[in-house]
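Subject: Structure handover

Hello,

The structure we discussed is below, followed by notes on what was found in it. Please read the notes alongside the coordinates.

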There are 2 protein chains.
Amino acid sequence: MSSSFQPTEQRLAVTRRRHPAFPYHSAVLVRLVKHIYKRVHDDTNLLLKPWGINHPEYNLLMMLYGTEDNALYASQLSEAAGEKSANITRLTNELCRKGLIERSLDEGDRRKVALSLTEQGLATIESFLPAMRGLLDQQASGLTEAEMTQLRRLLKKFLDQLDRG
Amino acid sequence: MSSSFQPTEQRLAVTRRRHPAFPYHSAVLVRLVKHIYKRVHDDTNLLLKPWGINHPEYNLLMMLYGTEDNALYASQLSEAAGEKSANITRLTNELCRKGLIERSLDEGDRRKVALSLTEQGLATIESFLPAMRGLLDQQASGLTEAEMTQLRRLLKKFLDQLDRG
DNA sequence: GCGAGTTAGTTCAGAAATGAAATATTAACG
DNA sequence: CGTTAATATTTCATTTCTGAACTAACTCGC
């Protein structure tokens, strides 16, 4: 009953009481998303610390790992990982420095920068994957399969509207 | 069909194909939350720019606004807004500097710092609220009332599990 | 082919956020 | 009481992120 979200919800409820036109439901959703995101971010950072990797870096690595040839252009990586391009430059610099990925220029279009996993990057992923699997499993263990499917459908619909706006 | 999330989902699907034990559903949810959060964050920052306020500052102001006496202790504000205490110090410093809130020490417990809206803070909120209402309404316009209720229920359940973990 | 307009990435200065240590006050307990 | 532990907030060095300007390469129409 008294989740970590309760105080937030309480405050929004007061605002709604004062301003009946205030979009209470929408505000609650947005706040919930923020709380969840921050929580996941912190937990993931903590878990990955032993591998010297943080959450955004993990996200990039996994996006590369999820391709046939373990490679993506910077702009594709940016979209897939949800990071802005300036941040991709910084994050990939760091991952290169750590030897987990490498840059290469595309011969077809020399503006493009391809980023690909190195052997070491692949090995690192395989190494933290079991722990990460545990975390992800645990994070979702409060929901049934059906609820996860439903949640995913609703979040996508929500995101679609944001894209449209 | 091809939402901004499609590339991300695609990458996770490949990973699942390679590693059937990979918690695909959970990973998708977490990524969706991140995408939505970043999008909302950007949109809100943009909308509030004319008032010289950003998303986290808005969150703090609204949490104060949602109390009977427009005041909260720093730690309460931290929990309600989902910001760490060091960040609360920084953000409230800035809001004080702008004259929107003010600090006062609690006589009962002199460790505590109470933060309260000023007249100007209140006026600023009333001033941006119509625009903010528009944004929130629009963000949720893709979902029906029932879907919003359902989404909220599922997100809370998800958050509860994170708190428990 | 060539100049105007796009697209892909990077740079850089400044803003935002964090962890860990420090400060100050209060609670707890022998 | 006194002193140890706990709580509330701040400080500060560092890390993370962003917008805006920039460079380089490509496209397209003429």
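A residue is near a molecule or strand if one of its heavy atoms lies within 4 Å of it. This is a predicted model, in which local features need pLDDT of at least 70 and side-chain atom pairs count only at pLDDT 80 or more, while totals for chains, interfaces and linings use all residues. Residues are numbered from 1 along each chain as its sequence is written, chains are lettered from A and ligands numbered from 1 in the order in which they are written, and side-chain values use heavy atoms, with hydrogens and water left out.

DNA strand C

There are 19 residues around DNA strand C, and A:Ser75, A:Thr89, A:Arg111, B:Arg90 and B:Arg111 come nearest. Of the atoms of this strand within 4 Å of the protein, 78% are sugar and phosphate. For polar contacts (pairs of N or O atoms within 3.5 Å), the side chain of A:Arg111 has an N or O atom 2.8 Å from a base oxygen of DNA strand C. B:Arg111 also places a polar side-chain atom 3.4 Å from a base oxygen of that strand. At A:Val113 a polar backbone atom is 3.2 Å from a phosphate oxygen of DNA strand C. By class, the surface near DNA strand C has 6 nonpolar, 5 polar and 8 charged residues; Ala, Val, Leu, Ile, Met, Phe, Trp, Tyr, Cys and Pro count as nonpolar, Asp, Glu, Lys and Arg as charged, and the others, Gly among them, as polar.

DNA strand D

Around DNA strand D there are 20 residues, of which A:Arg90, A:Arg110, B:Ser75, B:Thr89 and B:Arg111 come nearest. A phosphate oxygen of DNA strand D is 2.4 Å from a side-chain N or O atom of A:Arg90, and another contact puts a backbone N or O atom of A:Arg110 2.7 Å from a phosphate oxygen. The surface near this strand divides into 6 nonpolar, 6 polar and 8 charged residues.

A:Thr8

A:Thr8 counts as buried because its relative accessibility is 0%, where buried means under 20% relative accessible area (1.4 Å probe, protein chains only). Leaving out residues up to four places away in sequence, A:Thr8 touches A:Arg31 and A:His35, as well as B:Met63, B:Glu79 and B:Ala80; contact means heavy atoms within 4.5 Å. A:Arg31 is 23 residues from A:Thr8 along the chain, and their C-alpha atoms are separated by 7.8 Å.

Regards

Technical notes
Buried < 20%, exposed > 50% of the residue type's maximum accessible area, 1.4 Å probe, protein only. Polar contact = N/O pair within 3.5 Å; in protein donor to acceptor, adjacent residues only side chain to side chain.
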